[in-house]
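This briefing concerns the structure shown below. It is arranged by topic for quick reference.

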Amino acid sequence: MLVLGIESSCDETAAALMESTAEGGYRLLSSVVSTQIPLHRLYGGVIPELASRNHITALPGVLREALERAGRGVHEVDAFAGTAGPGLVAALLVGNTAAKALALAARKPFVAVNHLEGHMLSPFITRPGGVPPHLGLVVSGGHSLLVDVRSSSDYALLGRSADDAAGEAFDKIAKMLGLPYPGGPEIDRLAESGDPERFAFPRPMLHESHLNFSFSGLKTAVLYTLPKLVPSGDPHDLDAQTLADVCAGVRAAITEVLVRKTLRAAKQTRRRVVAVSGGVSCNAGLRRALQAACERARLELVLPPPSLTTDNAAMIAFAGLLRAEAGAYSPLETPVDPNLKLGGSQARV
Ligand code: KG4
Ligand code: ZN
């Protein structure tokens with residue numbers, strides 16, 4: 001079965017083709033992402049109106065390239081998958097409507113895919129053997145979720161962020177530090193040359209037994225620390241080493257909370273496989289800490305390749321393919337939902 005997936009929930013326009021093989025495996029044939037980051041960087045964050053306008057202009061070229069790289073024609077596609085939410089509503093509508101239009105024209109089924117389910121399953125796109133029962137940590141710009149995944153369509157939410165998501169915390173703190181959008185990769189890069197112990201930033205909810213997160217206190221701690229470091233109030237006056245040390249301290253705080261809670265969740269659920277996904281799973285410090293902690297606990301850690309951590313359509317095509325194989329198609333009337341929850345309202349037929 002060959003599935004074309006389209007993603008446009010935020011500031012990446014993406015299309016990908018993925019197929020199931022005769023041996024029961026999966027093959028990613030192409031994954032094309034056109035990013036709008038340079039455009040939104042001018043404004044310090046994503047401007048929804050600009051995002052949707054740019055999805056409209058970028059999508060035809062992205063679709064053509066995805067089909068060309070895969071060496072397939074639209075008529076060969078068995079099902080079309082489109083992100084149904086969560087995300088920016090007008091941005092979602094572009095890719096979602098395109099997937100429905102293609103399905104209608106080609107007389108093939110449509111599959112509505114939850115963006116978070118796409119992230120959650122993305123570590124298994126390139127790992128042979130499908131999706132085993134595992135403990136999933138999804139850390140993106142909008143969400144921090146711990147999920148007990150029994151199968152690709154059967155999972156339970158164990159914990160979530162009570163306030164800012166991990167990526168959101170990185171981005172907001174980076175903004176305070178005068179770093180460009182998106183701040184997560186900037187903090188990650190600068191942290192490499194910083195001392196993570198110079199600033200003892202809080203580890204919220206670390207010792208509480210539940211599996212929820214909170215990152216807004218960390219933001220406040222940085223806010224109160226900055227005036228002591230730069231009397232001028234301008235973060236650009238921070239000396240390079242102090243900036244690197246603040247970044248290392250922030251990364252260490254977020255990493256420690258994520259790693260400790262993930263390991264605790266794996267222990268509680270007795271899962272032996274841990275999969276981590278979403279834009280923040282690209283973080284070098286987090287990847288190293290997870291690797292070390294999982295090795296110590298003798299857990300298998302599955303991480304997506306860096307290109308599949310931030311928004312992409314390979315994850316939408318993969319989640320769509322798994323649903324299509326199960327016959328879980330969606331009516332063309334299925335609405336987009338900017339607040340779609342994991343395991344939420346995608347209609348199934
Ligand atoms: O999954 P994603 O592309 O979009 C959402 O679904 O939200 O995640 C984007 C988030 C942004 O907050 C970005 O700063 C963060 O992922 N991010 C990182 C890194 N790369 C991307 N955060 C920390 N370290 C990174 N290397
Ligand atoms: Zn995402």
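Between which domains does ligand 1 lie, and why? Domain 1 (2–126 + 310–325) and domain 2 (134–303) both contribute residues to the shell around ligand 1, so ligand 1 lies between them. The model is predicted. The points below treat the shell of ligand 1, the zinc site and the local backbone geometry.

**Shell and contacts of ligand 1**

- Ligand 1 is surrounded by 20 residues, and the closest are His119, Gly141, Asp171, Asn283 and Asp311.
- By class, the residues of this shell comprise 5 nonpolar, 12 polar and 3 charged.
- At least two residues of the shell come from each of helix H4 (115–121), helix H5 (166–176) and helix H6 (183–191).
- Two histidine side chains make polar contacts with ligand 1: an N or O atom in the side chain of His115 is 3.1 Å from an oxygen atom of the ligand, and for the side chain of His119 the corresponding distance is 3.0 Å.
- The backbone also takes part, as an N or O atom of the Gly279 main chain lies 3.0 Å from an oxygen atom of ligand 1.
- On its own, ligand 1 has 550 Å² of accessible area, of which the protein covers 89%.

**Zinc site**

- His115 (NE2), His119 (NE2) and Asp311 (OD) coordinate the zinc ion (ligand 2) at 2.0 to 2.1 Å.
- The site of the zinc ion is tetrahedral, with 4 donor atoms and angles of 96 to 132° among them.
- Along the chain, the donors follow the spacing H-x3-H-x191-D.
- Distant parts of the chain are linked by the pair His119 and Asp311, which are 192 residues apart. His119 belongs to helix H4, whereas Asp311 is in the loop between strand E10 (300–302) and helix H10 (314–325).
- His115 and His119 thus appear in both settings: they coordinate the zinc ion, and their side chains contact ligand 1.

**Local backbone geometry**

- Most residues other than glycine have a negative phi, and most peptide bonds are trans.
- The peptide bond from Gly85 to Pro86 is cis, with omega near -5°. Pro86 occurs in the loop between strand E4 (79–85) and helix H3 (89–106).
- A cis peptide bond also runs from Tyr181 to Pro182, with omega near -10°. Pro182 is in the loop between H5 and H6, two helices that each supply at least two residues of the shell around ligand 1.
- Met205, a residue other than glycine, has a positive phi near 60°. Met205 is situated in the loop between H6 and helix H7 (216–229).

Terms used: Residues numbered from 1 in each chain as written. Chains lettered and ligands numbered in written order. Predicted model: local features only at pLDDT ≥ 70, side-chain atom pairs only at ≥ 80, totals over all residues. Heavy atoms only, no water. Near = heavy atom within 4 Å. Polar contact = N/O pair within 3.5 Å; in protein donor to acceptor, adjacent residues only side chain to side chain. Areas by Shrake-Rupley, 256 points an atom, 1.4 Å probe, with all protein chains shown as cover. Helix = DSSP H or I, 4+ residues; strand = E, 2+ residues; numbered from the N terminus. Nonpolar A, V, L, I, M, F, W, Y, C, P; charged D, E, K, R; others polar. Domains from an automatic or database assignment. Donors = N, O, S within 2.8 Å, 3.2 Å for Na, K, Ca; no water. Tetrahedral: all angles 85-135°; square planar, octahedral: opposite > 155°, others 65-115°.
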